[in-house]
Amino acid sequence: MSEADPSPRDAEWLAREQARLDALPLGPASESFGHVVHAADGIARIAGLPEVCMGELLQFANGAMGFALTLDTETVEAVVLDDLPDLGAGTRASGTGDVVRVPVGEALLGRVIDPLGRPLDGRPAPACHETWPIERPAPAIIERDLVSEPVETGVLVVDALFALGRGQRELVIGDRATGKTSLALDAIIAQKYSDMICIYVAVGQRASAVERAIEAVRAHGAPERCIFVVAPAAAAPGLQWIAPFAGFSIGEWFRARGQHALIVVDDLTKHAATHRELALLTREPPGREAYPGDVFYLHARLLERAGKLSAELGGGSLTAIPIAETDAGNLSAYIPTNLISITDGQIVLDSRLFAANQRPSVNVGLSVSRVGGKAQKPAMRQFSGRVRLEYAQFLELEMFTRFGGMSDTRVKGQLARGQAIRALLEQPRFTPLRAIDQIALLAALEDGAFDTLSTQDLRALRSKVGARIDAGAHDAITAIEEGRTLDDAQKSALIRAVGNG
């Protein structure tokens, strides 16, 4: 064998590489890319990319991701989703031909993730087999069903006076540090024994506050049926902007399979501020309070995605509890009025009630549910009808008593009943009440059993009433579970159970 002849091993390698080259498709190929002209504050201005579409996902050479927000004649304004320090002028950028997507599926249950589905809990990435776009059209009217099934929050003042239904959008609004997040977490914890999947979306919150919320659910609720989508204040503005949309897509995946999901967005005021920040950085014209003109459409297209699907589409539901923050109780500010007009009611928390140790600090006069009794169980509707009227009358009478004593016996009776209602509506955090417990307490209230009790005695009684009802009111429990009103015998049994508590 001469030195020029290849060895058998070399000949085999040459034959394999020749076959691989012969199999390659030959022809012209094109690639569209641009370069970053300027990058700062979470916005990258890119020259080139004439074929990029609005909202298209972009890939940068340093590994960062972004999406096109504004299309100009010569440049593209992109929102960067990763806060990488080496993204600067000259960085190569290319379009992906796709939109921003989030992983969906049961693998997310019990996990803490960012809006792109990346794990934040120190565990491996969720093994999801599907990804859904974060922007999806809301169900059409013909695809929806009536909101008639209750969402039991376990909070008496909500379930009795401002009932939520599966598929409803109920706004929780109030000043800073009035218990908005606590009320929403109570609703999540109350689903411990229900069939609802819970999604908590944190937008622009402090990392310590998010950790406390997650630990509260883990300690008192069912974290294995909860998903936490976290974009804290330290995250890139782009991640904070897409967080609510990603959470809704995750919830819609469960709804599409006939399941029921509850999503809490904490909060949309900070989301609107992030939207304003990105709009001003991309030189969009400002409007009222410097918000861009599409801020109403931003939240409308988000919250309209909640709803209950018809039986033909599986009958699943997605219930939304967005949170909004007011300044000095000003409900007429721009973002609060937008959200109030979009949602199906609002629960207003009052800083003065909070300071007076009324927890939860729900302002009964300003709060409303536009679904209300239609989503209540018949037995709950049977006893809750007069509570709100009697409580409103008590608040007016109490205001007049500050100017002098009331000698009328009837007025004194109304004051005693109102004080009992107020004490009954007080409820510590993370102590949800079952529907049967709430109905029993309302029945005893209507019977006058609490008119002479002190607040301390009422709190002690409330903590024991559940076991007594389970032991001595089986017929009433069955009637409530079957969706029937209570007859006199069942009502008497409930009242006796409460009295013996």
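**Note on aromatic pairs and nonpolar cores**

1. In this predicted model, the count of aromatic pairs comes to 5. One of them joins Trp 241 and Phe 245, whose rings are stacked, with 5.1 Å from centre to centre and 25° between the planes. Both residues belong to helix H5 (residues 237-255), and because they stand 4 residues apart there, about one helical turn separates them. Trp 241 is buried, its relative accessible area being 7%. Phe 245 is likewise classed as buried, at 0% relative accessibility.

2. A further stacked pair is formed by Tyr 391 and Phe 394, with a centre-to-centre distance of 6.0 Å and an angle of 25° between the planes. The two residues are placed 3 apart in helix H11 (residues 387-401), which amounts to about one turn of the helix. Tyr 391 has a relative accessible area of 6% and is buried; Phe 394 also counts as buried, at 1%.

3. The aromatic contacts of helix H5 extend to another residue. Phe 67, Trp 241 and Phe 245 are linked by ring pairs into a cluster. Within that cluster, the pair of Trp 241 and Phe 245 is the stacked one described in the opening point.

4. Two arginine side chains deserve mention for their placement over aromatic rings. Arg 92 has its charged end over the ring of Phe 33, at 3.8 Å from the ring centre. The charged end of Arg 276 lies over the ring of Tyr 291, and here the distance to the centre is 4.2 Å.

5. Turning to the nonpolar interior, the largest core comprises 73 residues. The residues with the most contacts inside this core are Ile 188, Phe 450, Ile 469, Leu 486 and Leu 494. Helix H13 (residues 435-446) is the element that gives the most to the core, supplying 8 residues. Domain 2 (103-374) and domain 3 (379-499) each provide at least three residues to this core.

6. Which residues does Leu 486 touch, not counting those up to four places away in sequence? They are Ala 379, Gln 382, Phe 383, Ile 439, Ala 476, Ala 479, Ile 480, Lys 491 and Leu 494. Leu 494 is also listed with Leu 486 among the residues that have the most contacts inside the largest core.

7. A second core, separate from the one above, contains 57 residues. Among its members are Ile 113, Val 201, Leu 303 and Ala 306.

Definitions and conventions
Residues numbered from 1 in each chain as written. Predicted model: local features only at pLDDT ≥ 70, side-chain atom pairs only at ≥ 80, totals over all residues. Heavy atoms only, no water. Phe/Tyr/Trp six-rings, centres within 6.5 Å; stacked < 30°, edge-to-face > 60°. Buried < 20%, exposed > 50% of the residue type's maximum accessible area, 1.4 Å probe, protein only. Lys NZ or Arg CZ within 6 Å of the ring centre and 35° of its normal. Core = buried A, V, L, I, M, F, W, Y, C linked by side-chain atoms within 4.5 Å. Domains from an automatic or database assignment. Contact = heavy atoms within 4.5 Å.
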